[in-house]
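Here is a short walk through one protein model, written to be read beside the coordinates. Keep the viewer open and follow along.

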Amino acid sequence: MQSIKLIRTLLLGALFFPSMVWAQANMGTAKYKLVVNKNTNDETKEIYNAYKRNIDETVKQAQNLQFELLFNQNTSVFSLVKNLPLDKNASAVKMAMIIFDGDKLYYTNLKEEYLIEKKSFLGKDFQVKTYFKDMNWELVEEKKQMSGYDCYKAIGKRYAMSKDYETLETEVVAWYCPEIPVRTGPFEAVGLPGLVLQLDLKGRTVVLEDLDLGKEVQVENPIKGESISQIEFDSIYRKRVKENIPR
């Protein structure tokens, strides 16, 4: 019920938003930085102490990662900023890219309401498609100020594959801004009633660093490969991995 009231409030606000400002807020670029939360509880303390030097260097390199979102009223693309001054051959940089999703690429079709994530497996590229209606965000009334904007909280899920090929889920929290009426954001944080300015993931936070509204951008899908659903990709992954396990 609270979610329905919140959506009604946001829609009413949209009806009376000045048209010129509304149009400008529908396009632009957003840059995000990564903030890593070190977990040193009793469960992980021994591991951390054993690999402290490697972990600290990886975290240091991760803080240099910067992501960019290009968006207009119909589409958006999210990826690592190109030409960052990183030594991608360094082991710590490679680890940071893998652990903190520096190699991820997302395309969102806002008009047809779906997200595509680039995934590769055994030398083959895939366009893994998820529709907004299947994302199941929970909107709550909690809000806070970020970069001068009122942002509202939404709770969602992120899915991954375990070592036993089972689907794992973790909670994610997105902070979206109805004043910027474009339904996109960093990584898979799309489909909400406004631009996502902050995404809280397990062990890290992706937060807005710079926003350039009104900048006209052309966005096309840069992802190649077969278009499949997440369920289909997981099925292919399980099957191919099991086929390659020595018996």
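## Two cysteines

Cys 151 is buried, because its relative accessibility is 0%, under the 20% cut-off. The model, which is predicted, leaves Cys 151 out of any disulfide: the nearest cysteine sulfur belongs to Cys 177 and lies 4.9 Å away. Cys 177 is likewise unbonded in this sense, with the sulfur of Cys 151 as its nearest cysteine sulfur at 4.9 Å. Cys 177 is buried too, since its relative accessibility is 0%.

Why is there no disulfide between Cys 151 and Cys 177 here? A disulfide requires cysteine sulfur atoms within 2.5 Å, and the sulfur of Cys 177 is 4.9 Å from that of Cys 151, so the pair does not qualify. The count for the model is 0 disulfides.

## How far to trust the coordinates

The mean pLDDT of the protein is 83, and 80% of its residues reach 70 or more. Which elements mark the two ends of the confidence range? Helix α3 (residues 42-50) has the lowest mean pLDDT of the elements, 45, while strand β4 (residues 105-109) has the highest, 98.

Two stretches deserve some care when you browse. Over residues 14-22 the pLDDT stays under 50, and the model gives this stretch 4 contacts beyond four places in sequence. Over residues 40-48 the pLDDT also stays under 50, with 7 such contacts. Where pLDDT is low, the predicted coordinates should not be read in detail.

## The protein as a whole

The protein holds 6 helices and 12 strands. Of its 247 residues, 43% are buried. Among contacts with a separation of 6 or more, 64% join residues 24 or more positions apart. The exposed surface comes to about 14800 Å², and carbon and sulfur atoms supply 49% of that area.

## One open sheet

In what order do the strands line up? The 12 strands form an open, mixed sheet that reads β7-β8-β9-β10-β11-β1-β2-β3-β4-β5-β6-β12. At the edges stand β7 (138-146) and β12 (226-229); each has a single partner strand, so one side of each has no neighbour in the sheet. From one strand to the next, the twist averages 25°.

Strands of a sheet pair through backbone hydrogen bonds, either parallel or antiparallel. Strand β1 (residues 28-36) runs antiparallel to strand β11 (residues 204-213), and 9 bridges join them. Strand β10 (residues 195-201) pairs with β11 as well, again in the antiparallel sense, over 4 bridges. Val 207 in β11 is a handy landmark: Lys 33 stands opposite Val 207, and so does Gln 198. β10 and β11 form a hairpin with 2 residues between them, and Gly 203 in the turn has a positive phi of about 85°. Elsewhere in the sheet, strand β2 (residues 66-71) and strand β3 (residues 75-80) are antiparallel over 5 bridges, and Phe 67 stands opposite Leu 80 in β3.

## A residue on the edge strand

Ser 229 has its place in strand β12. Is Ser 229 buried, partly exposed or exposed? Ser 229 counts as partly exposed because its relative accessibility is 27%. Leaving aside residues up to four places away in sequence, Ser 229 touches Val 128 and Lys 129. The C-alpha atoms of Ser 229 and Thr 130 are separated by 6.5 Å, although these residues are 99 residues apart along the chain.

Terms used. Residues numbered from 1 in each chain as written. Predicted model: local features only at pLDDT ≥ 70, side-chain atom pairs only at ≥ 80, totals over all residues. Heavy atoms only, no water. Buried < 20%, exposed > 50% of the residue type's maximum accessible area, 1.4 Å probe, protein only. Pairing = 2+ DSSP bridges. Axes fitted to C-alpha atoms, helices over the stretch in contact; angles between N-to-C directions. Contact = heavy atoms within 4.5 Å. pLDDT = per-residue confidence, 0-100. Areas by Shrake-Rupley, 256 points an atom, 1.4 Å probe, with all protein chains shown as cover.
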